[in-house]
Amino acid sequence: MNLKIIFIFGGISFLAISFFIMSSIKRTDKEENILFSSATSLKNDSNLSVSSSDNLSSKDEKVDFYVDVKGAVAQEKVVKVKSGEIIISAINKSGGAKSNADLSQINLAAEIISGQVIYVPKKGEKIPEQFCNSVSNSSSTNTNASQAQIDINTADLSALQTINGIGEKKAEEIVKYREEHGKFKSIDDLKNISGFGDKTVEKLNDYVFIK
């Protein structure tokens, strides 16, 4: 009889221990799933933050380019600016306007365009026609502003490289041609330089002039 009771208690104890172990295993698996789910969520949130940060960085990135400042300024020269800067910024980088400058003819708050010529007229002087699209106070569009022209007979290497489609090599070829043959008599003379075909010269008509 005692032996039978011992077997019964032993069986009950075994079942209790087994139940306890199975409950612990299920609880552990559930906790691991919760932890894994939380970790995955945190990782996704982290990736989203990095992606948002990259997008903001890309939008805020500024590009360097050059513009040619001429006329009634302390120093007529090509200056380096960043995208988003306005005309008054380029004038200040040229030493500022002279006392006889007529700034009323210029939209000082207009955004600068790459390769633009900014001409500051003197009082009583009208802005030369070839520069009107760049600095006129009229409601010119970005397309007109981007058609600012540069004199290929006087421009140095830096100024020539501000012209759309002209890199360092082509700028050097233009200067070399001037040194060997004198000033250009017409824009079509550019065709005498290697690398300047009919289509290239046609595109440059909006960006260059001869004085």
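A hairpin links strand β1 to strand β2 through 5 residues. The two strands run antiparallel and share 6 bridges. One of the facing pairs is Y66 with K80, the latter in β2. All of this is read from a predicted model.

**The sheet**

Strand β1, residues 64-71, has a second partner: β3 pairs with β1 in the parallel sense, over 4 bridges. Here D68 stands opposite V117 of β3. The result is an open sheet of 3 strands in the order β2-β1-β3, and its pairing is mixed. Strands β2 (77-82) and β3 (117-120) form the edges, each pairing on one side only. Direction ignored, neighbouring strands of this sheet are turned by 35° against each other on average. In general, strands of a sheet pair through backbone hydrogen bonds, in either the parallel or the antiparallel sense.

The two pairings of β1 are set out here.

| Pair | Sense | Bridges | Citation |
|---|---|---|---|
| β1 and β2 | antiparallel | 6 bridges | |
| β1 and β3 | parallel | 4 bridges | |

**The largest pocket**

Which residues lie nearest the centre of the largest pocket? They are D68, K70, E76, K77 and V78, out of 13 residues in the lining. The space in this pocket comes to about 170 Å³. Four elements give two or more residues to the lining: β1, β2, β4 (150-151) and α5 (157-160). Strand β1 provides the largest share, with 3 residues. By character, the lining divides into 6 charged, 5 nonpolar and 2 polar residues.

D68 thus appears in two settings. In the sheet, D68 stands opposite V117 in β3. In the pocket, D68 is among the residues nearest the centre.

**Confidence**

How far does the predictor trust the chain? The average pLDDT is 75, and 64% of the residues score at least 70. The elements vary. Helix α6 (residues 168-181) has the highest mean pLDDT among them, 93. Helix α4 (residues 142-145) has the lowest, 42. Over residues 136-147, pLDDT stays under 50. For that stretch the model has 18 contacts beyond four places in sequence.

Definitions and conventions
Residues numbered from 1 in each chain as written. Predicted model: local features only at pLDDT ≥ 70, side-chain atom pairs only at ≥ 80, totals over all residues. Heavy atoms only, no water. Pairing = 2+ DSSP bridges. Axes fitted to C-alpha atoms, helices over the stretch in contact; angles between N-to-C directions. 1 Å grid on protein atoms, 1.4 Å probe; cavity = no way out; pocket = protein on both sides within 12 Å on 5 of 7 lines; lining within 4 Å. Points joined across faces, edges and corners; volume = space filled by probe spheres on them. Nonpolar A, V, L, I, M, F, W, Y, C, P; charged D, E, K, R; others polar. pLDDT = per-residue confidence, 0-100. Contact = heavy atoms within 4.5 Å.
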